[in-house]
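Me: I should like to understand how the terms used for a protein model follow from its computed values. May we go through them one at a time, with the structure in view?

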Amino acid sequence: MTLPFLFGPDDERWQRHMQLLPGCALLPRGGHKPLQHLTYFVCQLGLLLALVLESGMGRVIVAILIFAASAALLWYVFLARPAEISAPSAPVPAAVPEISRDTDWYPRRNWQQNSPGNMNISVFAYRDRNRDGVLDPDDVPMAAVAILLERPDGSLRMTRTNINGYANFAVHLDSSSADIGEPDRDYRFELQLPPGWEITSGTGSHTTRFEKRPGTPAGMVTASPPPVIGLAQLLAVSGSQAVGADALVAVAPDGSRSAVVADAAGRFSFPAYPGDWRLEQAAGSAGAGLHQFAVRDAPVVLGAINDARAATTPQPAPLVLDFDDLERSVIEKLAVGYRGLAFDYLLAIDNQHYRGPGYVNVLASGEGVAYNSSGYPATVTSLYPGEVFDFVGAYFGVAWEQAEGETLVVEGWRAGRQMYRDELPLSHLGPVWLQADYRGIDELRLHTLHYWQFTADDMAFRLPQGQ
């Protein structure tokens with residue numbers, strides 16, 4: 001579109017007044033039509049004013065105004081506006097490149113060509129729950145186990161098993177950055193055994209060599225990849241009694257009896273094996289106030305021997321919370337009324353959701369576990385005033401490796417009075433079973449000394465009949 005002009009650059013009035021208004025001569029005239037139109041339009045306005053104001057002072061004033069307008073217009077067009085005004089835009093590249101009809105659309109790989117990339121080789125570790133040295137369906141992957149790789153030059157690399165039990169090492173032929181890159185040299189994998197554990201399958205170490213193999217993902221392979229490794233916790237029973245109390249006897253599943261020796265602080269510990277056990281007094285009222293418990297696949301901590309336990313009749317209705325029945329979300333806050341109890345700051349979660357080793361390694365059944373929200377104290381209480389319940393026990397661990405050795409404090413209260421209290425150390429590598437047997441309580445309190453998240457599974461209670 002063009003603008004209507006009163007006169008153009010060829011008009012003699014234009015030529016005459018250009019001498020009076022030198023600012024117009026600085027405006028560009030060619031190449032960019034819209035800019036040319038703006039130039040002429042601005043100058044025509046100025047020239048009209050110059051014709052009207054014939055006095056010398058009028059011409060000076062108009063010249064100054066036109067020069068300022070010209071300078072502002074030049075700055076806006078060439079400096080302030082985006083570059084695309086004065087430069088043509090780049091061509092848009094084609095979305096799909098051109099290709100010939102002679103292309104081999106489904107080529108077969110040349111298996112003799114060796115163009116290696118990265119490929120993993122893995123060491124798998126699992127918790128051997130029945131301790132038979134075989135990966136059975138009830139066994140579970142074990143997270144955070146350290147696996148060491150010794151390379152041909154003697155250098156060491158280490159990684160830990162992930163939440164699915166795999167420690168992965170990169171293989172790439174002739175790569176100096178890969179964990180494994182040299183063919184025809186020895187590589188040794190070693191599991192670093194955690195304290196309190198034993199290996200149930202193999203020796204925990206494995207040496208192998210890799211050979212070049214064209215066409216393979218990594219460019220080389222081994223004929224003997226690392227075997228799976230089973231681990232199991234050393235089973236023991238520990239607890240405490242009052243200093244100077246009667247001697248104790250442990251009754252094993254086969255009926256054999258052995259003395260339990262306590263130290264000067266009243267603490268005791270003895271090795272165990274799976275089955276049903278009893279702890280009795282060596283003399284006096286046999287079994288009064290003591291424990292009956294099962295040893296399964298984890299160490300057992302017995303609740304402190306307490307006269308309140310012996311004086312209280314157990315509640316009749318057993319209840320086990322495995323946290324596998326919560327299906328609304330992968331994380332769910334346990335509500336007041338869930339399974340006949342009231343909960344605060346205790347959550348249920350899929351064991352793999354947070355990718356923390358302690359959520360995986362505490363798992364006793366199914367997929368769900370419990371933990372205390374943000375590491376703060378959690379409580380379980382009775383639903384109705386005056387009602388009581390029993391806390392039998394649970395598997396406990398700590399969620400994260402940074403909190404290895406965190407202490408869990410467990411308390412049982414009745415009518416505002418503390419009746420039971422125990423402390424137990426926690427691990428992210430595996431659970432410990434607390435055989436609490438807190439009878440006749442209306443509140444269970446759980447907290448860690450340093451506010452790390454504890455994890456729990458298969459929490460066992462006894463409720464009043466009909467709950």
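Me: Asp297 and Arg127 are both described as buried. What does that word require of Asp297 and Arg127?

Reply: In this predicted model, a residue counts as buried when its relative accessible area is under 20%. Both Asp297 and Arg127 are buried.

Me: Why is the contact between Asp297 and Arg127 called a salt bridge?

Reply: The term asks for a side-chain nitrogen of Lys or Arg within 4 Å of a carboxyl oxygen of Asp or Glu. For Asp297 and Arg127 the N to O distance is 3.3 Å, so the pair qualifies. Side chains of opposite charge can pair when their charged atoms come close. The whole structure holds 20 salt bridges.

Me: What makes the salt bridge of Asp297 and Arg127 a link between parts that are apart in sequence?

Reply: Asp297 belongs to the loop between strand 17 (292-295) and strand 18 (300-302), while Arg127 belongs to strand 1 (residues 119-127), so the bridge ties together parts that are 170 residues apart in sequence.

Me: How do you know whether Glu280 and Arg278 are buried, partly exposed or exposed?

Reply: Glu280 has a relative accessibility of 10%, and because this is under 20%, Glu280 is buried. Arg278 has 33%, which falls between the limits of 20% and 50%, so Arg278 is partly exposed. The side chains of Glu280 and Arg278 form a salt bridge, at 2.9 Å from N to O.

Me: What makes Asp437 and Arg439 partners in a salt bridge, and which network do they belong to?

Reply: Their closest N and O atoms are 3.1 Å apart, and the limit is 4 Å. Asp437 and Arg439 are both buried. Through salt bridges that share partners, Arg309, Asp390, Asp437, Arg439 and Arg462 are joined into one network.

Me: Why are strand 4 and strand 8 said to stand at the edges of their sheet?

Reply: The sheet is open and has four strands in the order 4-3-6-8, paired antiparallel. Strand 4 (156-160) and strand 8 (205-209) each have a single partner strand, so one side of each has no neighbour in the sheet. Direction ignored, neighbouring strands of this sheet are turned by 20 degrees against each other on average.

Me: How do you know that strand 3 and strand 4 pair?

Reply: Pairing requires at least two bridges between the strands. Strand 3 (residues 146-150) and strand 4 have five bridges, so they count as paired, in the antiparallel sense. Leu148 stands opposite Met158 in strand 4. Strands of a sheet pair through backbone hydrogen bonds, either parallel or antiparallel.

Me: What is the volume of the largest pocket, and what makes a residue part of its lining?

Reply: The largest pocket has a volume of about 600 Å³. A lining residue has an atom within 4 Å of a point of the pocket. The lining holds 28 residues, and Ser238, Pro299, Val301, Pro425 and Val432 lie nearest the centre. At least two lining residues come from each of strand 12 (236-240), strand 15 (267-271), strand 18 and strand 27 (417-425). By kind, the lining has 14 nonpolar, nine polar and five charged residues.

Me: Which residues lie nearest the centre of the second largest pocket, and which strand gives the largest share of its lining?

Reply: Of the 13 lining residues, Ala294, Arg296, Val392, Trp433 and Gln435 lie nearest the centre. Strand 17 gives the largest share, three residues. The volume of this second largest pocket is about 230 Å³. Its lining divides into eight nonpolar, two polar and three charged residues.

Me: Why is Asp174 called exposed, and what is said of its phi?

Reply: Its relative accessible area is 59%, which is over 50%, so Asp174 is exposed. Its phi is positive, about 60 degrees, although Asp174 is not a glycine. Asp174 sits in the loop between strand 5 (166-171) and strand 6 (186-191).

Me: What makes Ala436 buried, and how far is Ala436 from Val392?

Reply: Ala436 has a relative accessible area of 0%, which is under 20%, so Ala436 is buried. Ala436 is part of strand 28. Ala436 and Val392 are 44 residues apart in sequence, and their C-alpha atoms are 5.4 Å apart in space.

Notes: Residues numbered from 1 in each chain as written. Predicted model: local features only at pLDDT ≥ 70, side-chain atom pairs only at ≥ 80, totals over all residues. Heavy atoms only, no water. Axes fitted to C-alpha atoms, helices over the stretch in contact; angles between N-to-C directions. Buried < 20%, exposed > 50% of the residue type's maximum accessible area, 1.4 Å probe, protein only. 1 Å grid on protein atoms, 1.4 Å probe; cavity = no way out; pocket = protein on both sides within 12 Å on 5 of 7 lines; lining within 4 Å. Points joined across faces, edges and corners; volume = space filled by probe spheres on them. Nonpolar A, V, L, I, M, F, W, Y, C, P; charged D, E, K, R; others polar.
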